[in-house]
Amino acid sequence: MSATMNVKPAPPQLPAQQRVTLKQGGGGRAMRTLIETLFVRDFATLPFEGIGIAAMDDGAAVKIGDDWLVITTDSHVIHPIFFPGGDIGRLSICGTVNDLAMMGATSVLGLTCSVILEEGFPLESLEAVQRSMVAACREAHAPVVTGDTKVMGRGEIDGIVLNTCGIGLTRTLVRDNGLTVGDRIIVTGSIGEHGLSVMAARHGIQIDGDLVSDVAPLNTLIASILGGGGVTAMKDPTRGGVSSALHEMASKSGVGILLNERAVPVQRSVRAVGELLGIDPLHVANEGKALIGVRPGAVDAVLARLREHPLGRSAAIIGTCVAERPGSVVLDTGFGRRLLAEPEGEPLPRIC
């Protein structure tokens, strides 16, 4: 007599290239390709009167009378959740406020906040995150007006995830695709502090000098330079860093960007950790800096106003828009020129 067994077949295994990878969430070329070929492909077919998902800007915008209503949303995951200079709570508020500001909406009408918690997450830590969020809201004059809370089982998420949405009004809508040949590129301060301070904390790297995240709300800084007609484009260089943001701005605007490496402000502590880890600060996330395209005739006035603000004291002109190699960023090292490669993904996962 023979016996038979009912064996459940193993689920089919997709090839690696058909699975989501960490680099597709890193802010570089891989993430942009995923968004374009999946989400934009379908959502952009839905009727919408305004600037929507197809623009792949920092938010969406709807015309209301003489104003633009700007809407943005973001989810925040970071390890560790407390890092030098901030935590996931401050990061969530500042990140959303900054996305609004990059489109000119420096006056925030309100924010939403959804909190997803892992069972067992310490209440003391949750209270600390909450206090940090409230402090950042006061700093940015941006109230949280509604939200949601969920609790997942142990191991289903890693500690805490925050999702925030922001809405704001502006008369001066700014896009990330408005660069023209001759425009100057300004960065509002030194780069790389956020990503490398988080990485140093994650791996227990000790280094001389202060290395803290730059996470801060930029809306009051940006408000000081709008209205004069000199600003042509803006973007905050978060995931993928300055390199990824400049590549995106150049590609959308149809210009090349000549980047002066020696003019880019970088703190010594950032250079030291970057060299130790083999990471270029140009590819590292920032959470309190902006890249601004400015017409040549307005650049001195814009730079002066930025430097009058506490968050813009180290602002510098770092590049020029050129007709050659549209969509590319050429790095002038002082010894020669080379193409600056756009990162495929963020070299530091779970950074914001």
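## The β2-β7 pairing

Strand β2 (residues 67-76) lines up with strand β7 (residues 160-170) in the antiparallel sense, with nine bridges between them. To find your place in this pairing, look at D74, which sits opposite T164 in β7. Keep in mind that this is a predicted model.

## The whole sheet

Zoom out and the two strands turn out to belong to an open sheet of five strands, ordered β1-β2-β7-β5-β6, with mixed pairing. Which strands stand at the edges? They are β1 (60-64) and β6; each has a single partner strand, so one side of each is left without a neighbour in the sheet. On average, neighbouring strands here are turned by 15 degrees against each other, direction ignored.

## From β5 over α3 to β6

Strand β5 (residues 107-118) and strand β6 (residues 144-152) run parallel and are joined by eight bridges. One residue to look for is L111, whose bridge partner in β6 is V144.

Together with helix α3 (residues 123-140), β5 and β6 make a right-handed β-α-β unit. The helix α3 lies across β5, β6 and β7, and runs at about 10 degrees to β7.

## Helix α7 and its two faces

Now for helix α7 (residues 268-277), where S269, V270, V273 and G274 are buried. Why do they end up on the same side of α7? They cover an arc of only 130 degrees around the axis, which puts them there. Among what covers these buried residues is α4 (193-203).

Turn to the face of α7 pointing away from the buried side and you meet the exposed residues R268, E275 and L276. After α7 comes G278, with a positive phi near 70 degrees.

Note on methods:
Residues are numbered from 1 along each chain as its sequence is written. This is a predicted model: local features need pLDDT of at least 70, side-chain atom pairs count only at pLDDT 80 or more; totals for chains, interfaces and linings use all residues. Side-chain values use heavy atoms; hydrogens and water are left out. Two strands pair if DSSP finds at least two bridges between them. Helices (H or I, at least four residues) and strands (E, at least two) are DSSP runs, numbered from the N terminus. A crossover is right-handed if, with the strands pointing away from the viewer, the path from the first strand over the helix to the second runs clockwise. Buried means under 20% relative accessible area, exposed over 50%, partly exposed in between (1.4 Å probe, protein chains only). The arc is that of the directions from the helix axis to the C-beta atoms. Contact means heavy atoms within 4.5 Å. Axes are lines fitted to C-alpha atoms, for helices over the stretch in contact, and angles run from 0 to 180 degrees between N-to-C directions.
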